[in-house]
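This report describes a protein and the ligand placed with it. Please consult the sequence and the structure shown here while reading.

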Amino acid sequence: ASANIGVVGLAVMGSNLARNLASREGNTVAVYNRSREKTDHLLSEHPEAGFIPAFSYEEFAASLSKPRTAIVMVKAGRPTDAVIDALVEVFEPGDIIVDGGNAYFPDTIRREKAVRETGINFVGAGISGGEEGALTGPSIMPGGSDESWVTLGPILRSIAAVAEGEPCVTHVGHDGAGHFVKMVHNGIEYADMQLIAEAYDLIRRGTGKTPAEIADVFSEWNTGELESYLIEITAEVLRQVDAETGEPLVDVILDQAGAKGTGAWTVQTALSLGVPVSGIAEATFARSLSSHPEQRAAAAGLPGPAEDFHVDDADAFIEDVRLALFASKIIAYSQGFDEIRAGAAEYGWSIDLGAISKIWRGGCIIRAQFLNRIADAYAEQADLPVLAAAPYFADALTRGQDAWRRVVVAATQAGIPSPAFSSSLAYYDGIRAERLPAALIQGQRDFFGAHTYKRIDKEGTFHTQWSGDRTEIEAEDTH
Ligand code: NBP
């Protein structure tokens, strides 16, 4: 027994994570993969890592010092269950099994409960940053017990990305909290990407600039408050020229966006929690819409606006789009953090929202300067009801709202779909409204279903006898 950490599953993510672990002072890494070839390959390619190979689960367990700690990096779903079951057989109480794959958080809650009964610790850890991040430093979102964190904390801190001197990992909360937060991270990523795509589309169709020229706009934006990994890579993608045709690559890529499901999970979960994540939902739906070529072909003949879209002052328009993008981004993040807040309340997790924004500053796809402002807002007030109303963000929304409205109006008039821009603006106007037509909805519900309503001027629950003389009575029940 001489390894302090083990990795099971040596496909691209697992082998990169194993190499990352091995490269850090103090770690000796045991490795195991179901089929022998991947283990042999990793060992021959990276003799410098000093891996301790195992070719059975028994050998793997024997090569680990106690408490045994293993990170599982296999395909999500059944393969993960199969590996956990096998490890439970060879591990002992106090040992730690970490699932670093992309598990759906209810699965993590279920697995944690089952494994805990054996006395073994189970930790679901969201790991963001793809292959590159796994190798050089990901953002890590571990859940699980406090006991497991004592052993796991230093190991994960050793391999995580570092942002402003701090490792991008924190003990998020118990059982499924880590995978929940990773899920919302991906949902926010969907919204951020959609917003950037809408900004590009509006600028291109409004000003006639080429993708390469728009790349320069994004590079410029990347020096200011929008500074982020996603803006940076957007410029790179837009600048890329297709070797075969000489066209901008973005013009030869099929316009049907794929998805692996984490955006949908974020939205489904938000629906059951009753949290309006409209930006994430629209971003997820926009990908679905793009991926139905038969419907798009059938609808292609439907009319758009009579006049062509052209803006007179390109620079002013681009500045409006920048402000609209920042305002919409604030809303998307505000909604995402709202979902984490609601999830924590529902599942009994104690999640430090400021700490979450900090561990997203490095390693992950949504890494950005902006996340410091979120951390500041929660440092100022830990129980913020809504992030968008915190002073820094309220100020940015105040600065941006006129431009935001102009952009949404222009997009609507030009017939350019901007679901994420416009739904974010609708959310903003909804959340800040003094009164909402929800009052009318309550009246309608009372009319057809006797669902009752409350009044603004006195306590109690009321019902109007719609099918009778329409007098109001005090009601007992709220349906
Ligand atoms: P894959 O998701 O492609 O999984 C392949 C690995 O699973 C191989 O090691 C394979 O072993 C193993 N495996 C399977 Br399949 N069934 C198994 C079973 N019944 N028992 C034991 N092992 C089994 O690998 P990946 O792309 O490296 O991703 C690993 C995890 O990390 C996934 O959950 C993924 O969602 C997550 N993730 C991926 C990324 C990314 O950018 N790719 C980013 C973040 C998270 P074999 O060699 O014997 O077939």
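## Helices around the ligand

In this predicted model, α4 provides the largest share of the shell around the ligand, namely three residues. This helix covers residues 78-90. Two further helices, α1 (12-22) and α6 (130-136), also each supply at least two residues of that shell.

## Composition of the shell

The ligand is surrounded by 22 residues. Sorted by class, twelve of the shell residues are nonpolar, six are polar and four are charged. Those that come nearest to the ligand are Met13, Asn33, Arg34, Ser35 and Lys38.

## Polar atoms facing the ligand

Two of these nearest residues place side-chain atoms beside ligand oxygen atoms. For Asn33, a polar side-chain atom lies 2.7 Å from an oxygen atom of the ligand. For Arg34, an N or O atom in the side chain is 2.9 Å from a ligand oxygen atom. Val74 takes part through its backbone: one of its backbone N or O atoms lies 2.9 Å from an oxygen atom of the ligand.

How much of the ligand's accessible area does the protein cover? On its own, the ligand has 920 Å² of accessible area, and the protein covers 78% of this.

## The annotated C-terminal domain

An unreviewed UniProt entry places the feature "domain: 6-phosphogluconate dehydrogenase C-terminal" at residues 178-467. In the model, this span is 66% helix and 1% strand. The C-alpha atoms at its two ends lie 52 Å apart.

How values were computed. Residues numbered from 1 in each chain as written. Predicted model: local features only at pLDDT ≥ 70, side-chain atom pairs only at ≥ 80, totals over all residues. Heavy atoms only, no water. UniProt positions renumbered as here; feature names shortened; annotations may be inferred. Helix = DSSP H or I, 4+ residues; strand = E, 2+ residues; numbered from the N terminus. Near = heavy atom within 4 Å. Polar contact = N/O pair within 3.5 Å; in protein donor to acceptor, adjacent residues only side chain to side chain. Areas by Shrake-Rupley, 256 points an atom, 1.4 Å probe, with all protein chains shown as cover. Nonpolar A, V, L, I, M, F, W, Y, C, P; charged D, E, K, R; others polar.
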